[in-house]
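Biologist: I am new to this one. Could you take me through it step by step?

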Amino acid sequence: MSTPSADPGTPSPAVAAPLAAPAVDPVAALDAGQGGGRRGSLGPVGLVLAGGLSVQFGAALAVTLMPRAGALGVVTLRLAVAAVVMLLVCRPRLRGHSRADWGTVVVFGAAMAGMNGLFYQAVDRIPLGPAVTLEVIGPLALSVLASRRAVNLVWAGLALAGVFLLGGGGFDGLDPAGAAFALAAGAMWAAYIVFSARTGRRFPQADGLALAMGVGALLFLPLGIVESGAELIDPVTLGLGAGVALLSSVLPYTLELLALRRLPAPTFAVLMSLEPAIAAGAGFLILDQALTAAQSAAIALVVAASIGAVRTQVGRRKRRAPAVS
């Protein structure tokens, strides 16, 4: 749902938005200020799909960079370059924030760093499509648990069936460590969503996001230096790392934020549920990672579960909305 981002690869703030609200309602955070209607929606839909493609093809590029810089080195480059760009663009104010504000930003940055680090460890071991499929279980579980509706047990069961099918009944077909890293990345994604919402309430515009990116980059820098050392400043590695950061963070964040000005929240959330399928396509086209029929069916089940959970929340919110006289 990639979100659910920052990537599927990892989800962006916009990816987290359908799942991040005071009650962790999967759609509420986008409803405020959104224009409805179908007219003129093709443009923003295209922006969202372009953002999803950018994230996943950025993740595929990251996989090709790993033999040169290592998984931790790639994460370090991605976070560092994205943080520099966001800090220069947003120019967040450093003074006037409470200790609680900074605590929220630090936890948000740590969740972001953990989510990226674990996901890249996963794609270093298993194909991109299955990795994103397992990762998206985290936000989906958060949505189902927050909803407390019986129908969401159906979506949870559908997702679990997809995970079981993806693992061949015991993850014999996937590297167990890679699968574990992907599931752990999903748990960090859920934490990312919760603290993304809290940060958004405490900081104006994207200031909190920019600061959290800076925190995440600083936290990950020692790990990247230990694994990759001087390779991080090699011109070719640095250039490819900048490409990963632009494709996986800067460009999709911008496209999705532009789309959210005109695109209804339900449409956006459903589109983000397609991330595992987009990731599978990127893995096939760039990394030659062909999927078995069982893996393709597993991804389809998880995508269907994600869409079903989102649509359930949409119907619930519509029934709650007061009539306008």
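Biologist: How many salt bridges does the structure hold?
Modeller: This is a predicted model. A pair counts when a side-chain nitrogen of Lys or Arg is within 4 Å of a carboxyl oxygen of Asp or Glu. By that rule, the number of salt bridges in the structure is three.

Biologist: Which residue does Glu 231 meet in a salt bridge?
Modeller: Side chains of opposite charge can pair when their charged atoms come close. Here the N to O distance is 3.6 Å. The partner of Glu 231 is Arg 68.

Biologist: How many residues apart in sequence are the parts that Glu 231 and Arg 68 tie together?
Modeller: Glu 231 and Arg 68 meet in a salt bridge. Glu 231 sits in the loop between α9 and α10, while Arg 68 belongs to helix α3, so the pair joins parts whose separation in sequence is 163 residues.

Biologist: Which residues are linked with Arg 68 in a network of salt bridges?
Modeller: Arg 68 also meets Asp 234, at 3.5 Å from N to O. That pair links distant parts of the chain, with Arg 68 in helix α3 and Asp 234 in the loop between α9 and α10, 166 residues apart. The network joins Arg 68 with Glu 231 and Asp 234.

Biologist: Is Arg 68 buried, partly exposed or exposed?
Modeller: Buried means under 20% relative accessible area, and exposed means over 50%. Arg 68 has 41% relative accessibility, so the class is partly exposed.

Biologist: What about Asp 101: buried or exposed?
Modeller: Asp 101 forms a salt bridge with Arg 202, with the closest N and O atoms 2.6 Å apart. This pair also links distant parts of the chain: Asp 101 is in helix α4 and Arg 202 in helix α8, 101 residues apart. Arg 202 is partly exposed at 37% relative accessible area. Asp 101 has a relative accessible area of 10%, so Asp 101 is buried.

Biologist: How many helices are there in the protein?
Modeller: From the N terminus on, each element in the run is an α. Strands number zero. The count of helices is 13.

Biologist: How far apart are the end C-alpha atoms of helix α9?
Modeller: Helix α9 covers residues 207-228, which makes 22 residues. At 1.5 Å a residue, the expected span is 32 Å. The model agrees with that, the end C-alpha atoms being apart by 30 Å.

Biologist: Where in α9 does the kink lie?
Modeller: The bend is about 35 degrees. It comes shortly before the proline Pro 222. The residue at the kink is Phe 220.

Biologist: Which residue just after α9 takes a positive phi?
Modeller: Helix α9 ends at residue 228. Just after it, a phi of about 60 degrees appears. The residue is Gly 229.

Biologist: Is Ala 305 buried or exposed?
Modeller: Ala 305 has its place in helix α13. Its contacts beyond four places in sequence are Leu 140, Trp 155, Leu 158 and Ala 159. The relative accessible area of Ala 305 is 0%, so Ala 305 is buried.

Biologist: How far apart in space are Ala 305 and Trp 155?
Modeller: In sequence they are 150 residues apart. C-alpha to C-alpha, the distance in space is 4.7 Å.

Biologist: What share of the residues is buried?
Modeller: The protein has 325 residues. A residue counts as buried when its relative accessible area is under 20%. The buried share is 54%.

Note on methods. Residues numbered from 1 in each chain as written. Predicted model: local features only at pLDDT ≥ 70, side-chain atom pairs only at ≥ 80, totals over all residues. Heavy atoms only, no water. Helix = DSSP H or I, 4+ residues; strand = E, 2+ residues; numbered from the N terminus. Buried < 20%, exposed > 50% of the residue type's maximum accessible area, 1.4 Å probe, protein only. Expected span 1.5 Å × (residues − 1). Bend = angle between axes of the 7 residues up to and from the residue. Contact = heavy atoms within 4.5 Å.
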